[in-house]
Structures are given as C-alpha cells and as structure tokens.
Amino acid sequence: MRSRHSGGPAASQPRGPLGILFLIVFLDLLGFSFVIPLYPEYKVHFRMTGLQVTLLSTCYSLAQFIFAPILGRLSDRVGRKPVLLYSLIGSSIAFYLFGAAQSVWLLFVSRIADGISGGNIATAQAYIADVTTKENRARGMGIIGAAFGMGFILGPAIGGLLGRYGLGVPAFAACGLAAVNSLLVALVLPESRTLPTATPATGKRTSSVGRLLAGLRHPVLGNVLTVVLLNMIAFAALENTIGLLTKDRFGFDQTHNGYLFAGIGVTMAIIQGGLIGRLVKRHGEARLVLAGVVMTGLGLLLIPLAPTVPLLLLAGLPMALGNGIYTPSVNSLVSKAAHDDEQGATLGLSQGLSSLGRILGPVAGGLLYDRYGPGAPLLGGAALMVVCLIFALRAFQQHREPAPVPA
C-alpha cells in the first residue's frame, strides 16, 4: 500500500529516486562528519574548555530535537523536495560559518543553524515511505542506514586529511558538498508527493507537544518511540566513551579507534544496504527490532568485560550486527504506524527523539565514566537496554497490523 499522496515517477519507478536519495544522504553525512576529527584542534585554537567542545554537539542536537518534527510536518504539507532543498542550503551556510568562524560564539551559531536546518534525514525517510510499499519499507530505510554508515566511515578520515591544509578547510569542503547536494535535489530528484490543491479543515491544529503525547499513547508507536529514545541514549553514551575505554585499557590512539569505528560502520552498512530486505521478508520488522535490542545490549555488556583486543573486537560484533538490523527496522515500524498524511511529522518526531538521546547519552556516559570508571557507561547502557527490551516486547506483542495514528 503506497501513500495516497504519492504518485508520478517516484511511485511507479522507485529505484531511480532511491539511488539519488542514497547519494544525497551519503554526501550529506560525508560533509557532516568532515569536521568531527577537528574538535580537539578547535579546542586548542580557540582555547575552549572541554565542556564548550561537547556543547557544540549538544546545541546541534538540541536544535534538531526542536525543529526536526516541525520540518517533517512541513514536508507533509508542502512536499519533500522543498524541505530537503531548504535543509541542504541551510547546512551549506552553516558549514561556511563554521569554517570562517573567528570566535567561539560564531562556532555555536553555526552548529545551532545546522541543527535548525537539519531535518533532511526525517524528510528523506518520509520520501522513502512515499515511494515504497509497506512490504519493501524496511529495505528502503536500509538505504538511508547504509548511506549513514558509509558517510561516517569515510568522512572523518577525509576530514582529517583536509585539516592538514587549514583548520577551516574541512568545513568549507562540507559547505561545497551541501551546495552540490542542493543542486542535485533541485535538478534531479522528483517530488514524491502529489499534494492536494486545497487542504480540508481538520479541526484544531495540534501542537508539537500534543503530537508527541498522542504518539506515545498510540499502542504500537508509543512503545516504538520509547525504544528509539532509550536505544539512542545507550548508543550515544557508547559513541562518546568507548574511545576513552580503549585508550585507558589497551592504549589505542586516534588511528586505532578510527579503525574500530570503521569496522562497526562497515558491518552496519553491509547489513542495511544488502541484507535487511531479505531479513524483513523472513522475520518481519518487529522481530528484528527485538533481536537488534538484545544483540546491542549483549555487545554493551561484553565490550567492557573484554580482557584482550581480539576479545574486544569479538564483543563488538553483536553490537554492530544488532544496530545494523535495528535501525532500518525501527524506522520502518514508525513509518507503518503513522497515517499516510503524517509520515514526515511522525518520522521527524522519531528523529527529534533520537536527537534528544544524543543530548542525554553523552552527559550520562561522561558522568558514569568520571564516577565509576571506563566500563561504567557501557554497562549502564546494557542495563538501559533491559528497559528498552521491555518496550520492544510490548511493541512486538501489539504488532499485528498497526492502526495508523490519526492525522
């Protein structure tokens, strides 16, 4: 069943637009991750405190938490293409400001601006929902996940090389990539929604908070959104502290940690780009979300207990596999539980909750690391995944043919 507002070539020939969308998301994540390795250099150059450096990421996630649902809902009303175009132009401007910044306050302005315009992932997911059937929804979402993985694998390495030619060069390169991306959207990507000429009155408009509460009350969607938030808190704590653990216990430097993250990214990209479609056809999204939560929790438990590097790599395998099958499956479940006219808003809400998890996770992980040692953030994440499993089980039990969220 396709969205009743989908049409044209995007609906009848989805492969072409999906390939274009993969390239758009890949280039976007590639540019975004260019600047990640340079945060320590910015800390020295601008004489920033450690807290100020971490707040650069926090303010971006906070702005995205607020604005991603708004942009998602806007894409339901005006179409996916205009919102994608706005997001990419906004990101291009924000990266230019970041590269040209001569003060700390301008760095923060640039990251907040990028967070405000950063609704492109939720809009891309809504585009996927427009041009795929429910049976192929998870496979389509896997394309986004694969683009994510490849962007984060290559981006930091390329950004580190570009940084040798000047502190602002990676940000200017990201600015250029975003500009190229905006041209790609404007000239090549077809609109996925056939918008009605007039929007009928549907009663009192619901606020963002009201839509969040309504979504959480939905029998399937509420549990799935809770899983999204809890999983991201645990994963963000892992992302921001595993480098500290490997340095403290095994003497890893930046290069070794880069190889570790690259291995995780490659594993996730292989699953999301090639295997997820067959897995969903055989097991269904709800079972895969359940399996992904269990495997991720197992990895979080085993990694801090590993006494040697080979066992560390072996312990990280279930975490990488779990997130590889979890991410496209949970996005597909969110999309299926949403009304056809609310795809952008609901997927934007899911992305907003992910951003909230990226705010809470590093803070919780840092506090646990300082108080209890390098393994505590991951063990705390494993404990949180037990709670996450409870909500995943509830979603699995209630998942038959999800009733759509009222528009």
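**Figure 1. H7 and H8 are roughly antiparallel to each other, therefore they form the pair for this opening view.** The model is predicted: local features need pLDDT of at least 70, side-chain atom pairs count only at pLDDT 80 or more, and totals for chains, interfaces and linings use all residues. Residues are numbered from 1 along each chain as its sequence is written, and side-chain values use heavy atoms, without hydrogens or water. Helix H7 spans residues 120–131, and helix H8 spans residues 137–162. (Helices are DSSP runs of H or I, at least four residues; strands are runs of E, at least two; both are numbered from the N terminus.) The two axes come within 9 Å. They cross at roughly 150 degrees. (Axes are lines fitted to C-alpha atoms, for helices over the stretch in contact; angles run from 0 to 180 degrees between N-to-C directions. Under 35 degrees is roughly parallel, over 145 roughly antiparallel, 65 to 115 roughly perpendicular, the rest oblique.) From H7, the residues in contact are Ile-121, Ala-124, Gln-125, Ile-128 and Ala-129. From H8, they are Arg-137, Gly-140, Met-141, Ile-144 and Phe-148. (Contact means heavy atoms within 4.5 Å.) By class, the contact of H7 with H8 has 7 nonpolar, 2 polar and 1 charged residue. (Nonpolar: Ala, Val, Leu, Ile, Met, Phe, Trp, Tyr, Cys, Pro; charged: Asp, Glu, Lys, Arg; polar: the others, Gly among them.)

**Figure 2. H8 also meets helix H14, and here the arrangement is oblique.** H14 covers residues 309–337. The axes of H8 and H14 come within 8 Å of each other. Their crossing angle is roughly 125 degrees. That angle makes H8 oblique to H14. H8 brings Arg-137, Ala-138, Met-141 and Gly-142 to the contact. H14 brings Pro-328, Asn-331, Ser-332, Ser-335 and Lys-336. The residues of this contact divide into 3 nonpolar, 4 polar and 2 charged. Look back at Figure 1: Arg-137 and Met-141 of H8 also meet H7.

**Figure 3. Phe-152 of H8 has a partner in space from elsewhere in the chain, Ser-33.** Phe-152 sits in H8. Phe-152 is partly exposed, at 32% relative accessible area. (Buried means under 20%, exposed over 50%, partly exposed in between; 1.4 Å probe, protein chains only.) Along the sequence, Phe-152 and Ser-33 are 119 residues apart. In space, their C-alpha atoms are 6.0 Å apart.

**Figure 4. Helices H5 and H6 are roughly antiparallel.** H5 runs over residues 80–100 and H6 over residues 104–117. Their axes come within 8 Å. They cross at roughly 170 degrees. On the H5 side, Tyr-86, Ser-87, Gly-90, Ser-91, Ala-94, Phe-95, Leu-97 and Phe-98 make the contact. On the H6 side, Leu-106, Leu-107, Ser-110, Arg-111, Ala-113, Asp-114, Ile-116 and Ser-117 do so. The class count is 9 nonpolar, 5 polar and 2 charged residues.

**Figure 5. Helix H4 carries Val-53 and Leu-62.** H4 takes in residues 50–78. Val-53 is buried, with 12% relative accessible area. Tyr-39, Lys-43 and Met-48 touch Val-53, leaving aside its neighbours within four places in sequence. Lys-43 is 10 residues from Val-53 along the chain, and their C-alpha atoms are separated by 6.5 Å. Leu-62 is partly exposed, at 42%. Leu-62 and Ile-112 are 50 residues apart in sequence. Their C-alpha atoms are 8.2 Å apart in space.

**Figure 6. Asn-181 lies in helix H9 (residues 169–187).** Its relative accessibility is 0%, so Asn-181 counts as buried. Which residues does Asn-181 touch, not counting those up to four places away in sequence? They are Leu-23, Ile-24, Leu-27, Asp-28 and Leu-88.

**Figure 7. Thr-296 is buried in helix H13.** H13 extends over residues 285–302. The relative accessible area of Thr-296 is 2%. Set aside its neighbours within four places in sequence, and Thr-296 is in contact with Asn-231, Pro-318, Met-319, Gly-322, Asn-323 and Met-385.

**Figure 8. The whole chain has 16 helices and 0 strands.** Buried residues make up 55% of its 407 residues. Now take contacts between residues at least 6 apart in sequence: 85% of them join residues at least 24 apart.
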